[in-house]
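Visitor: Please pick a single part of this model and take me through its surroundings slowly. I work with coordinates all day, so cut-offs are welcome.

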Amino acid sequence: MTLASHEQVQGRDRPSDARPAPRFRRARTAPPWWFALPALVLFAFVVLLPSARGVYYAFTDWDGLDPEFSFVGLDNFSALLRDADARQAVWHTLLIAVSITVIQNAVGLVLALGVSTAIKSRTVLRVFLFAPAVITPIVTAYLWRNLLGPDGAANSLLGAMGLGSWQQDWLGDPGLALWAVVGVIVWQYAGYSMVIFLAGLQSVPKEVHEAASIDGAGPMRRFWSVTRPLLAPALTINLMLSIIGGLKLFDQVYALTGGGPGHATDTISTLIYKDAFTLGEFGYSIALAVVLTVIVAVASTGQYLVLSRNERAAS
């Protein structure tokens, strides 16, 4: 009887329906990668495959129409090195990109500091200053083309103010046309940079400024030592957007000057358009596009590495 009781106790200690614990459990924190597969397939079909085929055409003499073309190797790229117009277009592209990046962000920062104060009209000013950024670039370009023409409103205003000696053919003078294009771009997108800087300024704690004021720091000292380091993320975003947009600039340049007078305002993008659709040199124009892609990739990557390092140092 005692043995039977002992066996019953052993039976209770070993449940008959016990199952071994699984060795591996699937992680539920990350979704399966195949959820992204449709988007990746579409991206490859729409972007990657055409881009790869376009790079192949850069090594041919294709004219864009004839199905028969020849593989010419690096001839198009070697022709770029000998082409004075291409070298000038590269220089103009870099000059415009750097000028827009510096001037636009400087103006945007000044505007952001101005409308972030406690003035009553700050909301109206923000809307007014941001409004040009939402206008279609081609519309902006044609508007300023009329304003800056020989008989445009700019020269008429200078004449009415008694400054007739300042009247210029702003878009027809090779020495002024490039800077007129830069001015138009800055006018349109300075408000865009202002909004990004405003977002950065609003994230700066007021207590930090109050503490700096108590310590005797003036406005300039507070900006340089307190506000500027905390604006590093906004500055990184603005500089990245400005340099990439400046390097790819096409719409405003072509609508304002068409790359002229002569080739005084030609950029890589306008030269690509002219070589492809005016001269029928698609292989050569695609080689220019490859060069532009490399310039954008190198400039944006280098700028991101430098700015991210400075941002981490500031934080």
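**Around S193**

Guide: Let us start at S193, which is buried with a relative accessible area of 0%; buried means under 20% relative accessible area, exposed means over 50%, and partly exposed is what lies in between, using a 1.4 Å probe and protein chains only. Before going on, please keep in mind that this is a predicted model, in which local features need pLDDT of at least 70 and side-chain atom pairs count only at pLDDT 80 or more, while totals for chains, interfaces and linings use all residues. Residues are numbered from 1 along each chain as its sequence is written, and side-chain values use heavy atoms, with hydrogens and water left out.

S193 sits in helix 8, residues 177–202. Helices here are DSSP runs of H or I with at least four residues, strands are runs of E with at least two, and both are numbered from the N terminus. Which residues does S193 touch, not counting those up to four places away in sequence? They are Q104, N105, G108, N238 and S242, where contact means heavy atoms within 4.5 Å. Two of these partners, Q104 and N105, belong to helix 4, while N238 and S242 belong to helix 11. That gives us two helices to follow outwards from S193.

Take helix 4 against helix 8 to begin with. Two packed helices are described by the angle between their axes and the distance between the axes. For helix 4 and helix 8 the angle is about 45 degrees and the axes are 6 Å apart. The axes are lines fitted to C-alpha atoms, for helices over the stretch in contact, and angles run from 0 to 180 degrees between N-to-C directions. This angle makes helix 4 oblique to helix 8; angles under 35 degrees count as roughly parallel, over 145 as roughly antiparallel, 65 to 115 as roughly perpendicular, and the rest as oblique. Their crossing is right-handed, a label used if the near helix is turned clockwise from the far one by less than a right angle, with anticlockwise being left-handed. By class, the residues of the contact between helix 4 and helix 8 divide into 21 nonpolar, six polar and no charged. Ala, Val, Leu, Ile, Met, Phe, Trp, Tyr, Cys and Pro count as nonpolar, Asp, Glu, Lys and Arg as charged, and the others, Gly among them, as polar.

Now turn to helix 11. Helix 4 (residues 84–115) and helix 11 (residues 232–247) have axes that come within 8 Å and cross at roughly 150 degrees. Helix 4 is therefore roughly antiparallel to helix 11. This crossing is right-handed. On the helix 4 side the residues are T93, L94, A97, V98, T101, Q104 and N105, and they meet N238, L239, S242, I243, G246 and L247 of helix 11. That contact has six nonpolar, seven polar and no charged residues.

T93 gives us a way onward. Besides its place in the contact with helix 11, T93 is in contact with I268. I268 belongs to helix 13, residues 268–278, and is buried at 1% relative accessible area. Leaving aside neighbours within four places in sequence, I268 also meets A89, V90, L288, L292 and I295. I268 and Q88 are 180 residues apart in sequence, yet 8.9 Å apart in space, C-alpha to C-alpha.

Helix 8 has another neighbour to visit. P132, in the loop between helix 5 (122–130) and helix 6 (137–147), is buried with a relative accessible area of 9%. P132 touches W187 and Q188, again without residues up to four places away in sequence. P132 and I185 are 53 residues apart in sequence and 10.0 Å apart in space, C-alpha to C-alpha.

Stepping back, the protein has 14 helices and zero strands. Of its 315 residues, 32% count as buried, S193 being one of the buried residues. Among the contacts with a separation of 6 or more, 67% come from residues 24 or more positions apart.
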